[in-house]
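Q: I would like a close look at a single part of this protein. Please keep the sentences short and build outward from one residue.

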Amino acid sequence: MTAISSTPRGATSAESALTIPDRSTRRAFLPVELAIVAMLVFVYGRIHDLAETRTALSLYDGFQLLAWERHLGLAVELPTNLWLAAHSRLAEVTSWYYQLAHLTVTLLVLVACYIWRPAVYRAARNALVFINLIGLAVFWVYPVAPPRLLPGGGFIDVTEVTGVAAASNTAAPDQYAAMPSLHTAWAVWVTLIVLLLVRSRWIRILGVIYPILTVTVIVATGNHYILDAAAGAAVALAAAAVVGLLPVRERVMSVRRMRPRSTPETSSA
């Protein structure tokens, strides 16, 4: 009796995981997941502490990055930062967004994925792990101070002057590690998961708007550059492709399978 595959031809691994019940639909062991998160936080903290000992290098890299942006015509950080600082109410709202949304939204999406889409959760978690590992490696090799810390750069630390940084009791996670922007990388990751799992048109639209709003906020508050935001998006897409959240590998293999093989008759013609 011929076995019938339950996977539609041409379906991606993520799509298959959503439609085929198998052992991957079992939720990951929660203590292990918590240990993974704790490990990432610990390692990030150690790299962050080490990066702070190289202040001079991070400031130099920050000025160089800003110079490259000016050469490319991308240096919109300063006028955007000064405009936001001149609007106190908006600056306060933006500062709260910067301090809270990054971690809160990401964890909410990860928890929702764990509860309602366990078949996709492992790939989603692995993508997030890869994003952070790549970020940690770059932070160590290439520390970059954010614009707000560049002496004489004219930038205003918006979260500081509004008092939100002190009120939220949350230390900036990228004190000397602006490249790549993990705010952007995590926001792009959120968008990919939302587009993959949610069918509601309005939620999907919000998912697409989220990284755009995040990039606007991190640049306007003086915490990131345009180039490190672009690098953060690239890191997120690369990590998603590696773990199979993006159907790059499946499409390549599908094309290879569909390509007709040469026969002796055709090769001799």
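Where is Ser181 found? Please start there, then walk through the parts around that residue.

A: The model is predicted. Ser181 is found in the loop between H8 and H9.

Start with burial. Ser181 has 0% relative accessibility, and the cut-off for buried is under 20%, so this residue counts as buried.

Next, the contacts of this loop residue. Leaving out residues up to four places away in sequence, Ser181 touches Ile218, His224, Asp228, Ala229 and Gly232. Of these, Ile218 also takes part in the contact between H9 and H10, on the H10 side.

Now look at Pro180. Pro180 lies in the loop between helix H8 (164-168) and H9. The peptide bond leading into Pro180 from Met179 is cis. Its omega is near -10°.

One side of the loop is H8. Ser168 is found in that helix. With a relative accessible area of 15%, Ser168 is buried too. Ser168 is in contact with Trp96 and Gln99, once neighbours within four places in sequence are set aside. Leu100 belongs in this view as well. The C-alpha atoms of Ser168 and Leu100 are separated by 8.2 Å, although their positions lie 68 residues apart along the chain.

The other side of the loop is H9. Helix H9 covers residues 182-197, and helix H10 covers residues 201-220. Their axes come within 8 Å and cross at roughly 175°. An angle over 145 degrees counts as roughly antiparallel, and H9 and H10 are therefore roughly antiparallel to each other.

Which residues make that contact? H9 contributes His183, Thr184, Ala187, Val188, Val190, Thr191, Val194 and Leu195. H10 contributes Ile203, Arg204, Gly207, Val208, Tyr210, Pro211, Thr214, Val215 and Ile218. By class, the contact of H9 with H10 has eleven nonpolar residues, five polar and one charged.

Several of these residues turn up again around an enclosed space. The structure holds one cavity of 30 Å³ or more. About 40 Å³ of space lies in the largest cavity. Its lining consists of Tyr97, Tyr98, Ala101, His102, His183, Tyr210, Thr214 and Val217. Among them, His183, Tyr210 and Thr214 are also part of the contact between H9 and H10.

Two helices, H5 (88-116) and H10, each supply at least two residues of this cavity lining. H5 gives the most, with four residues. The lining divides into five nonpolar residues, three polar and no charged.

H5 deserves a further stop, at Thr94. Thr94 lies in helix H5. At 10% relative accessibility, Thr94 counts as buried. Not counting residues up to four places away in sequence, Thr94 touches Leu84, Val217 and Thr221. Val217 is also one of the residues that line the largest cavity. Thr159 is another partner to locate from here. Thr94 and Thr159 are 65 residues apart in sequence and 8.3 Å apart in space, C-alpha to C-alpha.

Now turn to an open space. The second largest pocket holds about 310 Å³. It is lined by 15 residues. The closest to its centre are Val109, Ala112, Val194, Val198 and Ile203. Val194 and Ile203 also belong to the contact between H9 and H10, Val194 from H9 and Ile203 from H10.

H5, H9 and H10 each supply at least two residues of this pocket lining. Again, H5 gives the most, here with five residues. The lining has 13 nonpolar residues, one polar and one charged.

Last, set this part in the whole protein. The secondary structure comes to 13 helices and zero strands. The protein has 269 residues, and 42% of them count as buried. Ser181, Ser168 and Thr94 each count as buried. Consider also the contacts with a separation of 6 or more. Residues 24 or more positions apart account for 86% of these.

To retrace the route: begin at buried Ser181, in the loop between H8 and H9. Go back to Ser168 in H8, and across to Trp96 and Gln99, which Ser168 contacts. Then follow H9 alongside H10, with axes that come within 8 Å. Finish at H5, which gives the most residues to the lining of the largest cavity and to the lining of the second largest pocket.

Key. Residues numbered from 1 in each chain as written. Predicted model: local features only at pLDDT ≥ 70, side-chain atom pairs only at ≥ 80, totals over all residues. Heavy atoms only, no water. Axes fitted to C-alpha atoms, helices over the stretch in contact; angles between N-to-C directions. Parallel < 35°, antiparallel > 145°, perpendicular 65-115°, else oblique. Contact = heavy atoms within 4.5 Å. Nonpolar A, V, L, I, M, F, W, Y, C, P; charged D, E, K, R; others polar. 1 Å grid on protein atoms, 1.4 Å probe; cavity = no way out; pocket = protein on both sides within 12 Å on 5 of 7 lines; lining within 4 Å. Points joined across faces, edges and corners; volume = space filled by probe spheres on them. Buried < 20%, exposed > 50% of the residue type's maximum accessible area, 1.4 Å probe, protein only.
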